[in-house]
Amino acid sequence: MKKIVAINASPRTTWNTAALVKEAANGAKHEGAEIKYFDLYKLDKFTGCISCFGCKLKATEEICVCNDGLKTVLDEIRTADGLIIGSPNYLGDLTAGFRALYERLIFPYITYNTEKFNCNDRRIPVALIVTSNASEDYYEESDYGRMIANYKDNLESFIGPTEVMIYGDTLQVSDYSKYNWTYFDSEAKKARHEAVFESKKEDAFALGKGLVK
């Protein structure tokens with residue numbers, strides 16, 4: 001049985017990002033995979049890379065030796081057959097939690113060796129799901145697109161072939177009347193969510209299925 005690690009890197013555990021990650025995990029489960037699911041912001045305290053270079057020592061090469069809340073997640077990924085990660089876009093980048101995981105996932109495989117720059121010999125497919133208040137079209141014409149392309153390139157270089165799914169113009173809250181957010185048309189946001197979110201969940205389900213196949 002294949003093992004898929006699914007990670008919600010949003011602090012919200014029931015909203016857009018989490019729902020799409022869970023749906024992708026359901027797609028993988030439908031194909032017979034075992035799912036290891038993590039809400040990143042529910043883990044014990046963790047940090048990004050602390051630059052200890054323990055992963056560069058011969059005895060612990062390729063392994064992040066920092067023993068905190070991310071250790072179990074990183075251990076599971078090292079023995080996984082596929083990886084699903086979802087994150088919202090905050091201020092033009094993915095979440096701080098995602099960044100911490102990303103640093104700790106990628107850096108151990110960088111050898112600084114000219115003969116073999118990447119020491120990861122166990123490549124696995126990756127699904128990166130990004131949610132965003134900005135529209136999906138905006139990613140094609142702005143630095144947002146370049147930001148996502150950079151993550152995709154590095155994940156493909158060090159982890160494995162990576163597919164990206166973007167869900168933009170999201171419904172941020174169920175009740176906009178609580179906030180003085182005059183920038184948004186709350187009724188249009190709700191109407192779009194009702195019109196497209198189920199199809200996005202179907203896309204995520206298919207993405208998870210493809211990860212196993």
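How far apart in helix H3 are Arg99 and Glu103, in residues and in helical turns? They are four residues apart in that helix, which spans residues 96-106, and so are separated by about one helical turn. The numbered points below take up this pair and other features of the structure.

1. The model is a predicted one, and the notes that follow should be read with that in mind. Salt bridges are taken up before the surface and the cavities; the structure holds 16 salt bridges, and three of the pairs are described here in some detail.

2. Arg99 forms a salt bridge with Glu103, and the closest N and O atoms of this pair are 3.5 Å apart. Arg99 is partly exposed, since its relative accessible area is 29%, and Glu103 likewise counts as partly exposed, with a relative accessibility of 28%.

3. Another pair within one helix is that of Lys152 and Glu156, which form a salt bridge whose closest N and O atoms lie 2.9 Å apart. Both residues belong to helix H5 (residues 143-158), where they are four residues apart, or about one turn of the helix. Lys152 counts as partly exposed at 27% relative accessibility, and Glu156 also counts as partly exposed, at 27%.

4. The salt bridge between Glu136 and Lys200 has its closest N and O atoms 3.4 Å apart. This pair links distant parts of the chain, as Glu136 sits in helix H4 (residues 136-141) and Lys200 in helix H6 (residues 186-212), with their positions 64 residues apart in the numbering. Is each of these two residues buried or partly exposed? Glu136 is partly exposed, with a relative accessible area of 26%, whereas Lys200, at 14% relative accessibility, counts as buried because the cut-off for that term is under 20%.

5. Glu136 and Lys200 also belong to a network of salt bridges, in which they are linked with Asp169, Lys189 and Arg192.

6. On the surface, a nonpolar patch is formed by Phe53, Tyr112 and Phe117, which together have about 350 Å² of accessible area. Of these residues, Tyr112 has its place in the loop between H3 and strand S5 (126-131). Tyr112 counts as exposed, because its relative accessibility of 55% is over the 50% that the term requires.

7. Turning to the interior, how many cavities of 30 Å³ or more does a search of the whole structure find? The search finds two, and about 100 Å³ of space lies in the largest of them. The largest cavity is lined by 14 residues, of which Cys49, Cys52, Cys55, Cys64 and Phe107 are the closest to its centre. By character, the lining of the largest cavity divides into ten nonpolar residues, two polar and two charged.

8. The second largest cavity holds about 60 Å³ of space, and the residues that line it are Glu62, Cys64, Leu74, Arg78, Arg104, Leu105, Pro108 and Tyr109. Helix H2 (71-78) and H3 are the elements that give two or more residues to this lining. The lining of the second largest cavity comprises five nonpolar residues and three charged ones, with no polar residue. Cys64 is named in the lining of the largest cavity and is also one of the residues that line the second largest.

How values were computed
Residues are numbered from 1 along each chain as its sequence is written. This is a predicted model: local features need pLDDT of at least 70, side-chain atom pairs count only at pLDDT 80 or more; totals for chains, interfaces and linings use all residues. Side-chain values use heavy atoms; hydrogens and water are left out. A salt bridge is a side-chain nitrogen of Lys or Arg within 4 Å of a carboxyl oxygen of Asp or Glu. Buried means under 20% relative accessible area, exposed over 50%, partly exposed in between (1.4 Å probe, protein chains only). Patches are made of residues with over 30% relative accessible area and no salt bridge: like charges are joined within 9 Å, nonpolar side chains (Val, Leu, Ile, Met, Phe, Trp, Tyr) within 5 Å. Accessible areas come from the Shrake-Rupley method with a 1.4 Å probe; for residues, only the protein chains shown count as cover. On a 1 Å grid over the protein atoms alone, a cavity is a set of points where a 1.4 Å probe fits but cannot get out, and a pocket is an open set with protein on both sides within 12 Å along at least five of seven lines; lining residues have an atom within 4 Å of a point. Grid points are joined across faces, edges and corners, and a volume is the space filled by probe spheres set on the points. Ala, Val, Leu, Ile, Met, Phe, Trp, Tyr, Cys and Pro count as nonpolar, Asp, Glu, Lys and Arg as charged, and the others, Gly among them, as polar.
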